[in-house]
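Visitor: I should like to look closely at a single part of this structure. Would you please take me through one sheet, strand by strand?

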Amino acid sequence: DTTNKIALFPADDLPEGEIRAETLPNGDVIAVYNVEGTFYATQDQCSHGEASLAEEGDLCGKFVECSWHFGTFDVTTGEPGLTPCEIPLKTYRASVEDGKVCVEY
Ligand code: FES
């Protein structure tokens, strides 16, 4: 199977510690994170409920805390941290090319 890659936005548009949502051409809605200058991407929807991590989450280091029930995920791996989050998030490989954040899907 082939991997697609898309350039989403200028890296300068997402400051450190911030999260933004994007919709990929295949319909996946993802959250893109700037963790101390490195970009990561996961599914946007919290795996515990319906919350959008980009809208409702707070990024602290490499952990996003979902403000609905205060569960956390490691955005670099998708692994759940604090309860009630138990199901890993889908992750997407992110990179910066020509100053733009790119994601593989
Ligand atoms: Fe995210 Fe419950 S919906 S922790």
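**The sheet around β10**

Guide: Let us begin with one pair of residues: P10 stands opposite K100 of strand β10. The model is a predicted one. This pair belongs to the contact between β1 and β10, two strands that run antiparallel and are joined by five bridges. On a general note, the strands of a sheet pair through backbone hydrogen bonds, in either a parallel or an antiparallel manner.

The sheet as a whole is open and consists of three strands in the order β1-β10-β9, with antiparallel pairing. Strands β1 (5-10) and β9 (94-97) each have a single partner strand and stand at the edges, so one side of each is left without a neighbour in the sheet. From one strand to the next, the twist averages 35 degrees.

We may now turn to β9. Four bridges join β9 to β10 (residues 100-104), and these two strands run antiparallel. Within this pairing, V96 stands opposite V101, and S95 has C102 as its bridge partner in β10. The hairpin of β9 and β10 has two residues between the strands, and in it D98 takes a positive phi near 50 degrees.

Finally, consider the side chains of β10. In a regular strand, side chains alternate between the two faces of the sheet. Such alternation appears along β10: V101 and V103 point to one face and are buried, whereas K100, C102 and E104 point to the other face and are not buried. Thus V101, which stands opposite V96, is one of the buried residues of β10, while K100, which stands opposite P10, is not buried.

Terms used
Residues are numbered from 1 along each chain as its sequence is written. This is a predicted model: local features need pLDDT of at least 70, side-chain atom pairs count only at pLDDT 80 or more; totals for chains, interfaces and linings use all residues. Two strands pair if DSSP finds at least two bridges between them. Axes are lines fitted to C-alpha atoms, for helices over the stretch in contact, and angles run from 0 to 180 degrees between N-to-C directions. A residue is buried if 20 or more other C-beta atoms lie within 10 Å of its own, exposed if 12 or fewer, and partly exposed in between; C-beta atoms are placed from the backbone.
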